[in-house]
Structure formats: structure tokens, C-alpha cells
Amino acid sequence: MENRFLDVPIISIDSTTCNKCGLCSKICPIRVFDFRKEEIPVIQNNDECVLCGQCLCVCPTNSINHSGFDKSNFIKIQNKSKIDTNNAFDFLTQRRSVRNYRKEIPSNEILEKIANIAGFAPSGPHHRVGWIRNITIVSGYDNMKIVSDISADYMTKMIKTLGSWYMKLAAKYDDRAKAALGIIPSFKYSLNEYKTGNDLITYNAPAAIFLHAPIKSSTPQTDCDAACMLIQLYAEANGLGTCWNGIIQGAAAGDYIKNFKKMSEFLKIPNGHKCYAAMTIGFPSIKLHSIPERKTEISWIN
């Protein structure tokens, strides 16, 4: 992780090329640029900059300089592509969770390409904490066996915790505790199957992707969830399938189990970070021929 992005950025405007259009002021979400008509914007609140980069992207004269960005790495928009609505609907609805994978292990190159799309997901990096997306990729069956084994250990401890007397007592008064107790039968079944060689934890996936973020960032769960969804969509576009996996995520976060650090240590997640999302990934082995029904309940306030 590059600490320079946590520092207060240096922002300046080239007065010899600025056309005083004020677009930087209009687009900045936290008003770094104080603009008055026919004047060069004044830099203010640069310590609040969230590194969205929108000011640099909208400036028609390329007059803004920002220490947090190398403008040579920006992607030039030549002709903005418009996705056909029918194609978009087909693509989005045909993405399904995949739990049956081919034996082939995706190359490091394709996994890295897919994971890098996470940087373009929406985020809320207040004071730039969490601006960089942090991902750990586990690849290969030996490593995935370790992930499954640690997850099985985590599930065993979770069953013990959820089955304790105080959880049963809490379930009488708290709906969340009651819902948590409902996980026990599923965990027990998956564990029993895993012991007999039927992997219902990672589904014999050849790889997995874990997303972690600084605990002190403003919206770490939302940031990782958004990035996870973008990765899943881009994986689909590259011919791979994914399955959002709460078990391996919980094991990596050590959720509800005090001092459970086996997975986070295996993944080398740094101190101060927590895993908030995870998925298995690989080439699908089964082809779907239709899309199951899904319902959305919409309410209007007009």
C-alpha cells in the first residue's frame, strides 16, 4: 500500500492555460476549487480531497496538476461507447453464481486483469483512506485446500459459538440472533459433506479473490461490496464464473470468533485491515440454458 495517497495532495492550476470555465469547481464533490466568474479558481480544502480525479478529467485545457496522480496514466476517452440496452440486460441477467468449475486454473495474468477493475468501483475514501483497493488472490488447488481447511475450522468454531446457551437466550429477544441460529444446520451439512470429500465450502474452485480494506476507512464494507460486484461482472465478460462466498470471507475476517487469525495470516492481510468480501473464481463447467425468475418489488413516491 502506497502511503503517499494518504498524505494531503498538492494541487495547483496553471494560470497561463486556465480558461476560467469553472468546471473543476462544479464537479468537485468536496469543493476544493473556489470559483468566481472570470477568475482563476482558488485551491481550498485540499486536505479533504478524496482522489476521485474528476477535476483532472473535466479540465478542457489540462491546467490542473495533482500530486496524487500521474496524468500520463489517464485513459483518454475518444468515443464514449454506448451499450445497447438489450445487450446490457442480457449480460447482467445471465451472470449467475458458479459452483461448478473446470479443473483448469486461470492464469495469473487473467486473474490480475479482472481484479484490477476493482479500482474503478464506487468508493467513499474520506481523507483518501481506502482509496487504493486491496485484493489478495489465492490460486492453485494446494492453496485453495488451505483456504477450505481453514474455513472448515472456522465453521466448526462458529457452530459452537452459535449453539451456546447465551445465543439461544438472545434468540428469544433478538431477531438477528434468531437468524444466526438458523445458519447452524447449513454449516453442519456443509462440514459433513466436506469431510466425505464433497467440497461445499469452495466448490473445488481453482482460485479465490479476497477484498480487504482499512478498518478506519469511512465505508469499508460498501467499498469492498461494490468492488466485488464489478469484479464478478468483469470476470463474466472474460469467460470466468464467480461465487460470492460469505464463509471464506467470514473466516478471513475472523467474524464472531475471538482471535481467529488463521485465514488473515495465510492471506497476509495487514494489521488495521479486514476482509469484507470474497469470492471463488474459475471457468464454469456447466452451461445454463435459461435464466431463473427473479422478482423486484418497487414502491413509488411521485
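**Exercise 1. Work out why C224 forms no bond with the closest cysteine sulfur.**

*Solution.* Start with the distance: the sulfur of C224 lies 7.2 Å from the closest cysteine sulfur, in C275, which is too far for a bond. Keep in mind that this is a predicted model. To count as a disulfide, two cysteine sulfur atoms must be within 2.5 Å. Next, look at the surroundings: C224 has a relative accessible area of 5%, so this residue is buried.

Now widen the search. Over the whole structure, 0 disulfides turn up. C28 is likewise in no disulfide, with the nearest cysteine sulfur, that of C52, 6.2 Å away. C28 counts as buried because its relative accessibility is 8%.

**Exercise 2. Find how many aromatic pairs the structure holds, and classify the pair F69 and F74.**

*Solution.* The count is 4 aromatic pairs. For F69 and F74, take the two values in turn. The ring centres are 5.8 Å apart, and the planes meet at 80°, so this pair is edge-to-face. The cut-off used here is an angle over 60 degrees.

Then compare how well each partner is covered. F69 has a relative accessible area of 18%, so F69 is buried. F74, at 30% relative accessibility, counts as partly exposed. The boundary between those two classes is 20%.

Finally, look for further rings: ring pairs join F69, F74 and W131 into a cluster.

**Exercise 3. Trace how β5, β6 and β8 are joined.**

*Solution.* Begin with β5, which covers residues 134-139. β5 pairs with β6 in the antiparallel sense, over 6 bridges. One position to check on screen is V138, which stands opposite A208 in β6.

Move on to β6, residues 207-214. This strand is joined to β8 (residues 273-282) by 8 bridges, and these two strands also run antiparallel. Here you can pick out P214, whose bridge partner in β8 is H273.

Last, ask how covered β6 is: 8 of its 8 residues are buried.

**Exercise 4. Is N134 buried or exposed, and which backbone oxygen lies 3.1 Å from a polar atom of its side chain?**

*Solution.* First place the residue: N134 is found in strand β5. Its relative accessibility is 11%, so N134 counts as buried. Then follow the side chain: one of its polar atoms lies 3.1 Å from the backbone oxygen of I132.

**Exercise 5. Compare the reach of helix α5 with the expected span, and list some of its buried residues.**

*Solution.* Helix α5 runs over residues 141-162, which makes 22 residues. From first C-alpha to last, α5 reaches 30 Å, close to the 32 Å expected at 1.5 Å a residue.

For the second part, go along the helix and mark the buried positions. Among them are M144, V147, I150, Y154, M158 and L162. The polar residues S148, S151 and D153 are buried in α5 too.

While you are at residue 141, look at the ring of Y141. The charged end of K103 sits over this ring, 5.4 Å from its centre.

**Exercise 6. Describe the whole chain: how many helices and strands does it have, and what does its C-alpha trace span?**

*Solution.* Count the elements first: the protein chain has 11 helices and 8 strands. Then take the dimensions: along its principal axes the C-alpha trace spans about 75 × 50 × 45 Å. To finish, consider burial over the full chain, where 40% of the 302 residues count as buried.

Note on methods:
Residues are numbered from 1 along each chain as its sequence is written. This is a predicted model: local features need pLDDT of at least 70, side-chain atom pairs count only at pLDDT 80 or more; totals for chains, interfaces and linings use all residues. Side-chain values use heavy atoms; hydrogens and water are left out. Helices (H or I, at least four residues) and strands (E, at least two) are DSSP runs, numbered from the N terminus. The expected span of a helix is 1.5 Å times one less than its number of residues. Buried means under 20% relative accessible area, exposed over 50%, partly exposed in between (1.4 Å probe, protein chains only). A polar contact is a pair of N or O atoms within 3.5 Å; within protein, one must be able to donate a hydrogen and the other to accept it, and residues adjacent in sequence count only if both atoms are side-chain atoms. Rings of Phe, Tyr and Trp (its six-membered ring) pair if their centres lie within 6.5 Å; planes under 30 degrees apart count as stacked, over 60 as edge-to-face and the rest as tilted. A charge sits over a ring if NZ of Lys or CZ of Arg is within 6 Å of the ring centre and within 35 degrees of the ring normal. Two strands pair if DSSP finds at least two bridges between them.
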